[in-house]
Amino acid sequence: MSRPRFNRILLKLSGEVLMGPEGLSIDPAVTSRVAGEIAAAREAGHEVCVVVGGGNIFRGLAAAAKGFERATADYMGMLATVMNALAVQNALEQIGVDTRVQSAIPMASVCEPFIRRRAERHLEKGRVVIFAAGVGSPYFTTDSGAALRAAEMKCDALLKGTSVDGVYDADPKKVPTAKRYETVSYGRVLSDNLKVMDASAVALCRDNDIPIVVFNIREQGNLARILVGEGTATIVTN
Ligand code: UDP
């Protein structure tokens, strides 16, 4: 099936895609490989926004279950996303890709604050813009941050890079007969509680007509393949 061409994309990376086989939260070799994927998309002429999660370092909900106050834990989680954003920026700059980090929580000596118009200028100049700290408020996730930024930056698609190659009707690790969707509607994702992104993120994409492309970022060269309509993925759309 042919897929539409997306010019401006938002790539959502879960924190765990930066982890390596030795269990390092941020593995430099793995981060470099992910940066290579982003660089290839940039070289192919796409305008690239990135949102990174923080789950490889800290998750608010999990910490709250162990006794942390939820809002404080969530702020810690948001700080974790800034660390990941700096790691991805560092890896991109090492291969010559101009990159800016913008955080939803202003921290002037570390990175820029999120300013939509400034982010727009960066993209026009060919820079990759990494959005950190999610939406900047507790009780949200970086999936919601990704959907929000994709809408604000008028991205043509939200690409969700995970460690599976799409959306299945059951957990493929547990159910051998599980089937992968080629396309699936936002409504089906929400009603069947399919594991794509959290419900508020999916609803925001639906309301703003932003397709969600779920693909495996761990496979070398996969982002570039997906962007030319090849490779295995699931598109969530209307
Ligand atoms: N977080 C938050 N508000 C946001 C984005 C993130 O409070 O807008 C916190 C939340 O605690 C979350 C953590 O940051 O668990 C890390 O983000 P997330 O779990 O989305 O990362 P991922 O699963 O994508 O690695």
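## Surroundings of the ligand

A residue is counted as near a molecule or strand when its C-beta atom, placed from the backbone, lies within 6 Å of it. By that rule 25 residues surround the ligand, and G53, G55, G60, G77 and G134 come nearest. The elements that each give two or more residues to this shell are helix 2 (60-65), helix 3 (70-94) and helix 5 (142-152), where helices (H or I, at least four residues) and strands (E, at least two) are DSSP runs numbered from the N terminus. Helix 3 supplies the largest share of the shell, 6 residues.

Sorted by class, the shell holds 7 nonpolar, 14 polar and 4 charged residues; here Ala, Val, Leu, Ile, Met, Phe, Trp, Tyr, Cys and Pro count as nonpolar, Asp, Glu, Lys and Arg as charged, and the others, Gly among them, as polar.

## Basis of the model

This is a predicted model, in which local features need pLDDT of at least 70 and side-chain atom pairs count only at pLDDT 80 or more, while totals for chains, interfaces and linings use all residues. Residues are numbered from 1 along each chain as its sequence is written.

## Helix 1 against helix 3

Helix 1 (residues 28-43) packs on helix 3 at an angle of about 65°, with the axes 8 Å apart; axes are lines fitted to C-alpha atoms, for helices over the stretch in contact, and angles run from 0 to 180 degrees between N-to-C directions. Helix 1 is therefore roughly perpendicular to helix 3, given that angles under 35 degrees count as roughly parallel, over 145 as roughly antiparallel, 65 to 115 as roughly perpendicular and the rest as oblique.

Residues are in contact if their C-beta atoms, placed from the backbone, lie within 7 Å, and in this pair T31, S32, V34, A35, I38 and A39 of helix 1 meet A87, V88, A91 and L92 of helix 3. The residues of this contact comprise 8 nonpolar, 2 polar and no charged.

## Helix 5 against helix 7

The axes of helix 5 and helix 7 (residues 199-207) come within 8 Å and cross at roughly 15°, so helix 5 is roughly parallel to helix 7. In helix 5, D143, S144, A146, A147, L148 and A151 meet S200, A201, L204 and C205 in helix 7, a contact whose residues divide into 7 nonpolar, 2 polar and 1 charged.

## Annotated domain

An unreviewed UniProt entry places "domain: Aspartate/glutamate/uridylate kinase" at residues 7-216. The end C-alpha atoms of residues 7-216 lie 20 Å apart, and the span is 39% helix and 18% strand.

Definitions and conventions:
Two residues are in contact if their C-beta atoms, placed from the backbone, lie within 7 Å. UniProt positions are given in the numbering used here, feature names are shortened, and annotations may be inferred rather than shown by experiment.
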